[in-house]
Amino acid sequence: VLQTVQVNTATADAQSAFEQMKDHTTLIASQRGVGFLLDTANQHGIAGALSIYDAVSTGVPDESVLLQAMQDESVRRVSAQYGADSPEAQSTASRRDWFRTTPVLSDGPFGGA
């Protein structure tokens with residue numbers, strides 16, 4: 001029962017976060033991009049994820065370039081706070097890289113709410 005409540009709460013929180021960001025983050029259109037955005041918001045907060053998006057989104061040609069630029073900016077911000085060689089910066093880079101490259105996520109259009 002507890003796991004059901006945890007999963008339902010996490011799902012509702014993720015849906016709410018995406019609803020708050022989707023109209024602003026129009027270059028993000030795939031399952032991969034949505035997962036990446038939500039992971040970034042989980043670490044930096046919704047405002048932080050939107051700030052990262054805004055800092056790098058001008059003039060990018062496609063979502064894959066955008067996600068790389070967002071990864072670089074996210075890692076830069078964490079490195080500025082904790083140090084470039086810190087476990088925090090390393091785990092941030094690793095996590096963002098996973099979302100950008102895993103075959104588990106689709107690059108096709110995201111069909112969720």
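Me: How many helices and strands does the protein have?
Reply: This is a predicted model. Along the sequence the pattern reads α-α-α-α. The count is therefore four helices and zero strands.

Me: What is the radius of gyration of the protein, set against the globule rule?
Reply: For 113 residues the globule rule gives 13 Å, and the protein comes close to that value, so it is as compact as a globular protein of that length. The C-alpha trace spans about 40 × 30 × 30 Å along the principal axes. The radius of gyration is 14 Å.

Me: What share of the contacts with a separation of 6 or more comes from residues 24 or more positions apart?
Reply: A contact here requires heavy atoms within 4.5 Å. Among contacts in the protein with a separation of 6 or more, residues 24 or more positions apart account for 65%.

Me: How much of the area that the protein exposes is supplied by carbon and sulfur atoms?
Reply: Of the 113 residues, 36% count as buried. The protein exposes about 6400 Å². The part supplied by carbon and sulfur atoms is 54%.

Me: How far apart are the centres of the positive and negative side chains?
Reply: The two sets consist of 7 positive and 13 negative side chains. Their centres are separated by 1 Å.

Me: What distance separates the end C-alpha atoms of helix α3, and what span is expected?
Reply: Helix α3 covers residues 63-82, which is 20 residues. At 1.5 Å a residue the helix should span 28 Å. The distance between its end C-alpha atoms agrees, at 28 Å.

Me: Which helices do the buried residues of α3 pack against?
Reply: The buried residues of α3 are E63, L66, L67, A69, M70, Q71, E73, S74, V75, V78 and S79. They pack against α2 (31-56) and α4 (87-101).

Me: Which residue with a positive phi follows α3?
Reply: The phi of this residue is near 105 degrees. The residue that follows α3 is G83.

Me: Is V56 buried or exposed?
Reply: V56 is found in helix α2. Its relative accessible area is 16%, and the cut-off for a buried residue is under 20%, so V56 is buried.

Me: Which residues does V56 touch, not counting those up to four places away in sequence?
Reply: L66, A69, M70 and E73 are each listed among the buried residues of α3. Those buried residues pack against α2, the helix in which V56 is found. V56 touches L66, A69, M70 and E73.

Me: How far apart in space are V56 and H44?
Reply: V56 and H44 are twelve residues apart in sequence. From C-alpha to C-alpha, they are separated by 15 Å.

Key:
Residues numbered from 1 in each chain as written. Predicted model: local features only at pLDDT ≥ 70, side-chain atom pairs only at ≥ 80, totals over all residues. Heavy atoms only, no water. Helix = DSSP H or I, 4+ residues; strand = E, 2+ residues; numbered from the N terminus. Rg over C-alpha atoms; globule rule 2.2 N^0.38 Å. Buried < 20%, exposed > 50% of the residue type's maximum accessible area, 1.4 Å probe, protein only. Areas by Shrake-Rupley, 256 points an atom, 1.4 Å probe, with all protein chains shown as cover. Lys, Arg positive; Asp, Glu negative; His and termini not counted. Charge placed at Lys NZ, Arg CZ, Asp CG, Glu CD. Expected span 1.5 Å × (residues − 1).
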